[in-house]
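Reader: I am new to this structure and would like a close look at a single part of it. Please take one salt bridge, describe the two residues in it and then what surrounds them.

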Amino acid sequence: MAAQDRAGNRLPNFTLVQLRYFAAAAEHGSMTAAARELVVSQSAVSTAVAQLEKELGVQLLLRHHARGLALTPAGREFYTELRGFLAHSQELADAARNAGQTLMGELRVGMFATIAPFMLPGLVTQYADRYPRVDLTVIEAEHAELKKGLRDGAFEVAVMYSYDLGTELRCVPVATIPPYVLVPVGHRLAGRRSVSLAELAGDRLVLLDLPHTASYFRSLFAQVGVEPTIGYRSRLFETVRSMVAAGHGYSILNQRPASDESYSGGPVVALRIKDELPTLDAVAAWVDGARLTRKAMAFIEQCRAIGGLEPGIGKLDD
């Protein structure tokens with residue numbers, strides 16, 4: 001007799017192995033690749049997926065002989081929910097092995113490339129000190145790659161800037177970072193403590209030209225009615241600083257290194273901005289609807305501590 005819930009509804013009768021095999025096939029888009037990762041036969045993966053589809057009464061994968069596998073709409077929704085379930089099943093097993101005394105297992109997170117040099121070293125040290133049995137892997141990437149990695153399950157949490165997150169992601173702030181002006185030592189305003197953006201209107205701007213980042217910086221000028229003159233663009237943070245140090249213009253940045261010396265050896269001067277401009281939040285983001293593991297929640301708390309924010313992870317599920 002099939003198992004039933006309290007309302008008399010039939011409970012699904014699938015196994016954790018079937019779920020894991022389906023998740024691997026969905027992730028790789030190939031039964032062969034999934035079998036290789038799981039170290040089982042291709043027929044074992046194919047049979048497990050077919051049994052799962054039969055039990056659920058819905059097709060999860062489309063089989064294309066030449067192009068591999070593709071998720072059906074139902075399969076995509078099921079896979080999204082399944083990633084969190086599998087993460088928690090692993091955490092449950094880890095907790096049982098360790099009698100629930102400490103966090104352990106693997107945690108994969110993403111981090112925006114320009115945030116990583118400032119936050120990652122101390123974060124890794126402190127997280128490892130507190131949770132030595134967690135195997136922390138950090139993938140550095142740009143904004144669009146981080147969003148894709150969250151959607152695809154490449155990592156559970158990503159530390160990134162708060163712009164263009166859409167409705168598919170939830171987030172909590174981990175640091176608040178005000179913009180500042182960077183000028184070379186010989187600049188006419190270098191002796192000042194603060195400047196307005198209007199005072200720089202005639203100078204050339206060295207723009208950090210990353211997707212969304214460049215738009216954010218240009219929006220700051222728009223808010224005070226100034227049109228910047230862009231002299232040079234670079235996608236690399238330290239290239240921007242070196243160009244400024246060499247006298248090729250000024251820049252606006254958010255993250256500030258401990259040293260005022262650029263990679264090229266030339267010094268730069270950081271100035272506060274007089275104008276009332278919005279700060280930029282760094283956030284920890286995850287897929288909306290996903291239940292964070294305790295490892296991920298502890299990671300976010302550590303990010304907030306590094307960023308100087310009060311603990312607040314308990315409010316995530318409000």
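Author: The side chains of Asp164 and Lys147 meet in a salt bridge, with 3.5 Å from N to O. The model is a predicted one. Asp164 sits in the loop between β5 (157–161) and β6 (169–177), while Lys147 belongs to helix α6 (residues 143–152), so the bridge ties together parts that are 17 residues apart in sequence. Asp164 counts as partly exposed, at 40% relative accessibility. Lys147, by contrast, is buried, because its relative accessible area is 12% and the limit for buried is under 20%. Side chains of opposite charge can pair when their charged atoms come close.

The helix that carries Lys147 can be placed next. Helix α6 lies across β3 (105–112), β4, β5, β6 and β13. With β5 it makes an angle of about 155°. The loop of Asp164 runs between β5 and β6, and both of these strands are among those that α6 lies across.

These strands belong to one sheet. Five strands form it, in the order β4-β3-β5-β13-β6, and the sheet is open with mixed pairing. At the edges stand β4 (134–141) and β6, each with a single partner strand, so one side of each is left without a neighbour in the sheet. Neighbouring strands here are turned by 20° against each other on average, when direction is ignored. In the sheet order, β13 stands between β5 and β6. The loop that holds Asp164 therefore joins β5 to β6, two strands that have β13 between them in the order of the sheet.

The pairing at the β6 edge can be given in detail. β6 pairs with strand β13 (residues 280–287) in the antiparallel sense, over eight bridges. One of the bridge partners is Ala284 in β13, which is matched with Val172. Strands of a sheet pair through backbone hydrogen bonds, either parallel or antiparallel.

The bridge of Asp164 and Lys147 can be set beside others. The structure holds eleven salt bridges. One of them is formed by Arg63 and Glu53, whose side chains meet at 3.0 Å, N to O. This pair links distant parts of the chain, with Arg63 in strand β1 (residues 61–64) and Glu53 in helix α3 (residues 42–56), ten residues apart. Arg63 is partly exposed, with a relative accessible area of 38%. Glu53 is buried, with a relative accessible area of 10%.

Another salt bridge joins Asp203 to Arg188, with the closest N and O atoms 2.8 Å apart. Here both residues are in loops: Asp203 in the one between β8 (194–195) and β9 (204–208), Arg188 in the one between β7 (180–184) and β8, so the pair ties together parts that are 15 residues apart in sequence. Asp203 counts as buried, at 15% relative accessibility. Arg188 is exposed, with a relative accessible area of 54%.

Strands β7 and β8, which border the loop of Arg188, are part of an open sheet of four strands in the order β8-β12-β7-β11, with mixed pairing. Its edges are β8 and β11 (251–253), each of which has a single partner strand, so one side of each is left without a neighbour in the sheet. β8 pairs with strand β12 (residues 268–273) in the parallel sense over two bridges. In β12, Ile273 is the bridge partner of Val195.

Helix α3, which holds Glu53, also meets another helix. The axes of α1 and α3 come within 8 Å and cross at roughly 110°, which makes α1 roughly perpendicular to α3. Gln18, Leu19, Tyr21, Phe22 and Ala25 in α1 meet Ala44, Val45, Ala48, Val49, Gln51 and Leu52 in α3.

Finally, the chain as a whole gives the setting. The protein chain has nine helices and 13 strands. Of its 318 residues, 45% are buried, and Lys147 is one of the buried residues. Among contacts with a separation of 6 or more, residues 24 or more positions apart account for 70%.

Notes: Residues numbered from 1 in each chain as written. Predicted model: local features only at pLDDT ≥ 70, side-chain atom pairs only at ≥ 80, totals over all residues. Heavy atoms only, no water. Salt bridge = Lys/Arg side-chain N within 4 Å of Asp/Glu carboxyl O. Buried < 20%, exposed > 50% of the residue type's maximum accessible area, 1.4 Å probe, protein only. Pairing = 2+ DSSP bridges. Contact = heavy atoms within 4.5 Å. Axes fitted to C-alpha atoms, helices over the stretch in contact; angles between N-to-C directions. Parallel < 35°, antiparallel > 145°, perpendicular 65-115°, else oblique.
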